[in-house]
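Student: I've got a two-chain model open and I'd like to talk it through. Can we take it one question at a time?

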Amino acid sequence: MPPPLFAARCKACWFVFGLVCLTVASFWSLDLKWAQFFSVDAAGRMGKFIGELLVPETSSKFLTKLVWAALETLAMSALGTLLAVILGLALAVPASKTHLDDPARWRGLSRAVLNMLRSIPELVWAALLLISAGLGPLAGTLALALHTSGVLGRLFAESIENAGAGPSFALRCRGISEAKIFWYATLPQILPQLVSYTLYRWENNIRAAAVLGVVGAGGLGQMLAFHMGLFQMGETSSILLAMLVLVALVDALSFTSRRWMAA
Amino acid sequence: MQTVLSRNPQRGPSKRDPAWMGRMFWLLAGAALLWPALVLTEFKVWTLFEASNLKPTLKFLGDFFPPKIEGEFLLLVAKETWRTVAIATAGIALAMLLAVPLALLSVRVLSVSALTGKMNKLPSALRTLLRWVMVLLRSVPELIWALIFVRVVGLGPTAGVIAIALTYGGMLGKVYAEILESGDAQVTQSLLRNGAGRLQAFFYGLLPQNAAELTSYSVYRWECAIRSSAVLGFVGAGGLGQQMDASMKMFNVSEVATMLIVFMLLVWLADATSAWLRKELG
């Protein structure tokens, strides 16, 4: 006989039951306007919207602005990631327990700071920083730097803790100071891993920088929000295409560089 | 690394860095790229500390404490938090509805023509087309989908749910296909060779093998969706993000502080739940 579909002792059954309840409750409590989405009126509006998007604006003046905005997005992501590496490394050192007898007094506090930096999404940081940094790419760069430093700081701290104990133990036995041990034993060991994490986050940040502009933080996103707000669909479609091309280029670059490094 | 002997043997080994030329080159190249980056991003950090900027910034930071904890406001925040979780759950449910057929249609292990050598042209073309569809769905950032749908269906959670469904559908579809193809194909192919239908081969061959990994990834993506739906609220898709945006625009910083704390607690809770679920699933 096949086992019953639902058994009171099976943990997985209760888990699936809970999930189904959560999903049903979600759909029921949200006032999703299915009728409005699937009506003929909405289909007509969608069709008109897509039709207007199919004619991108290609005047050379606008394309020049687009290229500058794309470069601004790239610069925002690169500078933000660079600042995040510096801040992340500065926070990762107190946040890691380098050897068994390390008191690591600042570990709890620095991990809490890193978690706080990590939990707040980049867009929320950008919206908060707009007040002091004003509209423009400075807010976006700082927002990316703050969020990414939380992510990278935690990854760096884990790398430091997982580094092989041999070299640092040899230096510690001779009485060398902890700072020199970090620079000459731990850091050269973990450097390839740090670089790999940094490049991965940079690739992610290029996508993030493109959308940060929607709240006014510069780059392609700010242009997109601007032209969509004025219902200039030709320009909007060019900007969307530029974003897709940027993301595709970065994907291709990272794929080929990973193949080249593995070869 | 060889020690380079200096000209006079009595002075001991030379202290010059043997790799200095390469390192100096990359340092200068990095600095040369840094300058245009600083100019393009208008990186005038000192403006943050100008007197006209510093006073409102300090007032802004000061207003963060104490966070607003009035009963009526906390009730509103609780309702919006539930809406954020509901948008994420509904979005992931629809994303799975989209991802499962896409994944099943694009895996090579369920191809009958591939059992006897090379896959036929039409099935191969269909699979490549579906992969491109998934790539397209994944590449458009969900904020952009949400911006577009807010203009079509109006403000509210519908735009957020559809945006999450489309983006995460592409992501889940790709990873489901990868997980299904990475297992041992022996069982599935035996079933197919002996006349089982493709769905039967999936349910009795592929699914039992990969169920744990599939569920674990889906739970992880549900946690990511909760974070996304809070961010999508900033363009009008409802939930905690929309409330935060509204409070920020009115400079009600103490309300923003409460909502930030609640959001961090939500993310921590979702993280803990997903870690526990993944541990239970093994």
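Student: What radius of gyration does chain B have, next to that of a compact globule of 282 residues?

Tutor: Keep in mind that this is a predicted model. A compact globule of 282 residues would come out near 19 Å. Along the principal axes, the C-alpha atoms of chain B fill a box of roughly 80 × 75 × 40 Å. The radius of gyration of chain B is 27 Å.

Student: And chain A, is that compact or spread out next to the globule rule?

Tutor: Start with the elements: chain A has 11 helices and 0 strands. For its 263 residues the globule rule gives 18 Å, while the radius of gyration is 25 Å, well over that, so chain A is more spread out than a compact globule. Its C-alpha trace spans about 80 × 70 × 45 Å along the principal axes. In short, relative to a compact globule, chain A is more spread out.

Student: How many helices and strands does chain B have?

Tutor: Reading from the N terminus, the elements of chain B go α-α-α-α-α-α-α-α-α-α. Among its contacts with a separation of 6 or more, 72% are between residues 24 or more positions apart. The count is 10 helices and 0 strands.

Student: Which helix gives the most to the side of chain B that touches chain A?

Tutor: The contact takes 42 residues from chain B and 45 residues from chain A. Several elements of chain B give two or more residues to its side, including helix 1 (20-40), helix 6 (157-182) and helix 10 (253-281). That side divides into 29 nonpolar, 7 polar and 6 charged residues. The one that gives the most, with 6 residues, is helix 3 of chain B.

Student: Which helix supplies the largest share of the largest nonpolar core?

Tutor: That core has 118 residues, and those with the most contacts inside it include A126(A) and L212(A) along with A146(B) and I164(B). Take A146(B): beyond its neighbours within four places in sequence, A146(B) contacts A159(B), G160(B), A163(B), L232(B), V235(B) and A237(B). The largest share of the core is 14 residues, and it comes from helix 6 of chain B.

Student: Back in chain A, are helix 9 and helix 11 roughly parallel or antiparallel?

Tutor: Two packed helices are described by the angle between their axes and the distance between the axes. Here helix 9 (residues 178-212) and helix 11 (residues 233-262) of chain A pack at about 175 degrees, with axes 10 Å apart. Angles over 145 degrees count as roughly antiparallel. Helix 9 and helix 11 of chain A are therefore roughly antiparallel.

Student: How do the residues of that contact between helix 9 and helix 11 of chain A divide into nonpolar, polar and charged?

Tutor: From helix 9 of chain A come E203(A), I206(A), R207(A) and A210(A). They meet M243(A), L246(A), V247(A), V250(A) and S254(A) in helix 11 of chain A. The split is 6 nonpolar, 1 polar and 2 charged.

Student: Last one: which helix of chain A helps cover the buried residues of helix 9 of chain B?

Tutor: The buried residues in helix 9 of chain B are L240(B), G241(B), Q242(B), Q243(B), M244(B) and M248(B). Just after this helix, F251(B) takes a positive phi of about 60 degrees. From chain B, the cover includes helix 3, helix 8 and helix 10. From chain A, it includes helix 6 (122-133).

Definitions and conventions. Residues are numbered from 1 along each chain as its sequence is written. Chains are lettered from A and ligands numbered from 1 in the order in which they are written. This is a predicted model: local features need pLDDT of at least 70, side-chain atom pairs count only at pLDDT 80 or more; totals for chains, interfaces and linings use all residues. Two residues are in contact if their C-beta atoms, placed from the backbone, lie within 7 Å. Helices (H or I, at least four residues) and strands (E, at least two) are DSSP runs, numbered from the N terminus. Ala, Val, Leu, Ile, Met, Phe, Trp, Tyr, Cys and Pro count as nonpolar, Asp, Glu, Lys and Arg as charged, and the others, Gly among them, as polar. Axes are lines fitted to C-alpha atoms, for helices over the stretch in contact, and angles run from 0 to 180 degrees between N-to-C directions. Angles under 35 degrees count as roughly parallel, over 145 as roughly antiparallel, 65 to 115 as roughly perpendicular and the rest as oblique. A nonpolar core is a set of buried Ala, Val, Leu, Ile, Met, Phe, Trp, Tyr and Cys residues joined through C-beta atoms within 7 Å. A residue is buried if 20 or more other C-beta atoms lie within 10 Å of its own, exposed if 12 or fewer, and partly exposed in between; C-beta atoms are placed from the backbone. The radius of gyration is taken over C-alpha atoms; the globule rule is 2.2 Å times the number of residues to the power 0.38.
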